[in-house]
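User: I've just opened this structure and I'm new to it. Could you walk me through it with some questions and answers?

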Amino acid sequence: MANLKDIKSRISSVENTKKITRAMKMVAAAKVKKAESSVKAARPFAIELLSLFRKMLSTVNEISQSGEKVEDSLNNYFGLLTKRDINTVGLVLISSNKGLAGAYNANVVRAILKKIQSYKEEGKNVVLYIVGQKGISAFKHKNDGIEIAKTYLAIANDPTPSGAHMIAEDLAEDFINKKIDKIEIVTTRFNNMMSYSVQDWTVLPVKLEEETEKTGEPDPLMEFIPSTDSILKKLVPMYITNSIYQALLEANASELASRMTAMSAASNNAEEMIANLTVNYNKARQGAITQELIEIVSGANAQG
């Protein structure tokens, strides 16, 4: 009978787990719809902004520094766009605050570790800016000389333009102060409810498109009104902030989709386990009843 109690206890435990995983699946499914809509709505603007920014920079012969003093690093377009040697790379890692999302966080961390190793082999230093508790935990106890400049928790749960602007300001300040010479984001691109892909986006320095290779002739020069200076002051902060915001949206949707898929698989596994345990329980119960009947019949025969 002790065996029957153990099996019954396991069935009860798995049923409780199944209730939790089903609830988490439903929550993730409800949230991922909204996250998917946000990502798809924001992508066209992000694509056109990047294209416009690259095209503009390719037509500007020389970026000159304006005479006025710039206090905000994010608005210091001259310092952000000036070309220089890359000695230290600022890597932005976007992870989640919660687990139970399948291999989502492990895939992102694995990708950034490869990037770090690649830059080390090139003789470059790396500074991390980590979004999400899982990314922070992954590098918390690593003693490999990687500097963690900033960490962000709340932004991982709720991607907002203001949160992206805060990260952009920190990155711009370190870039202007020459703590870092390159800004790169490691995030996940949301493909659909069943898949995502880990990607790295280079924010600064901006990679210019070779329009002449596509069309065979250069684009006509743009005319900037009122001036190149005034447009760059608006466009550079917008480009950096929006790049980060889009990466946050993509990561959030990918994480929720991964969690929904993982919880769905966990619920299915729980159902299968319950079915197997129920069969074992019935077999054990049948065996126990049979044993009792044998003992009763043997006792009756002995008395007879």
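Here is a short tour in questions and answers.

User: What is the mean pLDDT of the protein?

Analyst: Bear in mind that this is a predicted model, so pLDDT, the predictor's confidence in each residue, is a good place to start. Of the residues, 89% reach 70 or more. Over residues 211-218, though, the pLDDT is below 50, and beyond near neighbours in sequence that stretch has 7 contacts in the model. For the protein, the mean pLDDT is 84.

User: In what order do the strands of the open sheet run?

Analyst: The open sheet has 5 strands, and their pairing is mixed. Strand E3 (147-152) and E5 each pair on one side only, which makes them the edge strands. Neighbouring strands are turned by 25 degrees against each other on average, direction ignored. The order is E3-E2-E1-E4-E5.

User: Which residue is the bridge partner of Leu91 in E2?

Analyst: Strands of a sheet pair through backbone hydrogen bonds, either parallel or antiparallel. E1 and strand E2 (residues 125-131) pair in the parallel sense, over 7 bridges. For Leu91, the bridge partner in E2 is Leu128.

User: What angle does H3 make with E1, and what angle does H6 make with E3?

Analyst: H3 packs on the sheet and touches E1, E2, E4 and E5, with its direction at about 175 degrees to that of E1. H6 lies across E1, E2, E3, E4 and E5. Its angle to E3 is about 155 degrees.

User: Which helix gives the most to the largest nonpolar core?

Analyst: In soluble globular proteins, nonpolar side chains tend to be buried together. Here the largest nonpolar core has 69 residues, and those with the most contacts inside it are Phe53, Leu128, Phe139, Leu204, Ile240 and Ile244. The helix that gives the most to this core, with 15 residues, is H8 (residues 228-303).

User: Which residues does Ile240 contact, leaving aside its neighbours within four places in sequence?

Analyst: Ile240 is among the residues with the most contacts inside the largest nonpolar core. Leaving aside neighbours within four places in sequence, the contacts of Ile240 are Leu74, Leu80, Ala168, Val203 and Leu204.

User: Why do the buried residues of helix H4 sit on the same side of H4?

Analyst: Gly135, Ile136 and Phe139 are buried in helix H4 (residues 133-140). An α-helix has 3.6 residues a turn, so residues three or four places apart point the same way. The buried residues of H4 pack against E1, H3, E2 and E3. They are on the same side because they cover an arc of only 100 degrees around the axis.

User: Where is the cis peptide bond that has an omega of about -5 degrees?

Analyst: Most residues other than glycine have a negative phi, and most peptide bonds are trans. Pro205 is in the loop between strand E5 (195-204) and helix H7 (211-215). The cis bond joins Leu204 and Pro205.

User: Is Leu100, with its positive phi, buried or exposed?

Analyst: Leu100 isn't a glycine, yet it has a positive phi of about 55 degrees. You'll find Leu100 in the loop between strand E1 (88-94) and helix H3 (104-121). The relative accessibility of Leu100 is 54%, so it counts as exposed.

User: What is the relative accessible area of Lys178?

Analyst: Lys178 also isn't a glycine, and it has a positive phi of about 65 degrees. Lys178 lies in the loop between helix H6 (161-176) and strand E4 (182-192). Lys178 is exposed, with a relative accessible area of 60%.

Definitions and conventions:
Residues are numbered from 1 along each chain as its sequence is written. This is a predicted model: local features need pLDDT of at least 70, side-chain atom pairs count only at pLDDT 80 or more; totals for chains, interfaces and linings use all residues. Side-chain values use heavy atoms; hydrogens and water are left out. Helices (H or I, at least four residues) and strands (E, at least two) are DSSP runs, numbered from the N terminus. Buried means under 20% relative accessible area, exposed over 50%, partly exposed in between (1.4 Å probe, protein chains only). A nonpolar core is a set of buried Ala, Val, Leu, Ile, Met, Phe, Trp, Tyr and Cys residues joined through side-chain atoms within 4.5 Å. Contact means heavy atoms within 4.5 Å. Two strands pair if DSSP finds at least two bridges between them. Axes are lines fitted to C-alpha atoms, for helices over the stretch in contact, and angles run from 0 to 180 degrees between N-to-C directions. pLDDT is the predictor's confidence in each residue, from 0 to 100. The arc is that of the directions from the helix axis to the C-beta atoms.
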